[in-house]
Amino acid sequence: MKNPYKPYPVTIKNIRTETEDKSLKTFTFEFDSPGDEKAFDFNCGQFGMLSIQGVGEIPIGIASSPTEKPLVKFTVFKTGKVTGHLHNMKEGEVMGLRGPMGNGFPMDELEGKNILIVGGGFAFTTLRSTIEMMLQPENRSRFKNIDVVYGARTPGMLLYREELEAWEKRDDINVHITVDGTDDPDWAYHTGFVPAITEKCAPRADADSVAIVCGPPIMIKFTRPVLKELGYADEAILMSLENRMKCGIGMCGRCNIGRELVCHDGPVFTLAELNKTPGEF
Ligand SMILES: Cc1cc2nc3c(=O)[nH]c(=O)nc-3n(C[C@H](O)[C@H](O)[C@H](O)COP(=O)(O)OP(=O)(O)OC[C@H]3O[C@@H](n4cnc5c(N)ncnc54)[C@H](O)[C@@H]3O)c2cc1C
Ligand code: FES
């Protein structure tokens, strides 16, 4: 049995700067040892522990779809010690990856459903994974209508510009892009906060509808009543949480919210589950 604390060695194959302020970069990794890519058998919504020897280890959501294997992508916001070091690394350098961790989105339970995806800021990473997966020819018929509302502060802060353009050209997904504000006269999409655009563009829920919501707490706070108004039951709203982590495998108790361990029982919870931890979430 593999030691869960031992990382897989991975090499940085590609680095893409996502945002105009260069605070977000997507790192594409290749596994160094044959067979490790199969052992790292992940689902949409799971995360990995990225480690840099002598610097530290951090949890980061998996941004690539399982259909993009054997490569695996992570989009990282430069915020402190480990992320700052990672942002200075170059293609060809080697680091560590543990995982996959957490429950991820219940893709089998989402089959046959209308999917509404609401994302804001860089929490959109695991939503990219989910959308890419659902849009693959072998998967698209497993899901009904797919609607995406995605917002960033400014046009230059939007992630995954190439993918957004490709999704927009398709007629089997509705993409509603918004920014908080812009002085670009050529801006062709929405302007306004994610909850307002959700209210304006998202479809009403029926018995087969599920919403997946990831974003900053303020976005989630104001999106919740909109989804309720649109008819989404708390059981049909999935959210991905973040918390401080150490082991990532449910052993150290560092990441608890009430009785739940975010790394092990989550990071994906339904809103109905989170309602049972009042004061914590
Ligand atoms: C399940 C999960 C998925 C995540 N996915 C992503 C992702 O896709 N992309 C991404 O850029 N970040 C993601 N994060 C957040 C990421 O783990 C932190 O930004 C990172 O640990 C900061 O490390 P650092 O050493 O650079 O910062 P530090 O020097 O440790 O701290 C700098 C700042 O980051 C904050 N911070 C530290 N650890 C965390 C943490 N675990 N969660 C939230 N804030 C933290 C601190 O409060 C401080 O403000 C995720 C976190 C979790 C738990
Ligand atoms: S990080 Fe150790 S229990 Fe969750």
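In this predicted model, Glu163 and Arg128 pair in a salt bridge whose closest N and O atoms are 2.9 Å apart. The contact joins distant parts of the chain, with Glu163 placed in helix α5 (residues 161–169) and Arg128 in helix α4, 35 residues apart. Both partners, Glu163 and Arg128, are buried. Nor do these two side chains stand alone: Glu163 and Arg128 belong to a network of salt bridges that also links Arg16, Glu18, Glu68 and Glu162.

Turning to the loops, a salt bridge connects Arg142 with Glu111, at 3.0 Å from N to O. Arg142 sits in the loop between α4 (125–135) and β8 (146–152), while Glu111 sits in the loop between α3 (107–110) and β7 (114–120), so this pair ties together parts of the chain that lie 31 residues apart in sequence. Glu111 has a relative accessibility of 37% and therefore counts as partly exposed.

A further loop-to-loop pair is formed by Lys69 and Asp41, whose closest N and O atoms are 2.9 Å apart in a salt bridge. Here the loop between β4 (56–61) and β5 (72–77) contributes Lys69, and the loop between α1 (36–39) and β3 (47–52) contributes Asp41; the pair therefore ties together parts 28 residues apart in sequence. Lys69 is partly exposed, because its relative accessibility is 31%.

For the structure as a whole, a search finds 13 salt bridges. Among them are the helix-to-helix contact of Glu163 with Arg128 and the loop-to-loop contacts of Arg142 with Glu111 and of Lys69 with Asp41.

Key. Residues are numbered from 1 along each chain as its sequence is written. Chains are lettered from A and ligands numbered from 1 in the order in which they are written. This is a predicted model: local features need pLDDT of at least 70, side-chain atom pairs count only at pLDDT 80 or more; totals for chains, interfaces and linings use all residues. Side-chain values use heavy atoms; hydrogens and water are left out. A salt bridge is a side-chain nitrogen of Lys or Arg within 4 Å of a carboxyl oxygen of Asp or Glu. Helices (H or I, at least four residues) and strands (E, at least two) are DSSP runs, numbered from the N terminus. Buried means under 20% relative accessible area, exposed over 50%, partly exposed in between (1.4 Å probe, protein chains only).
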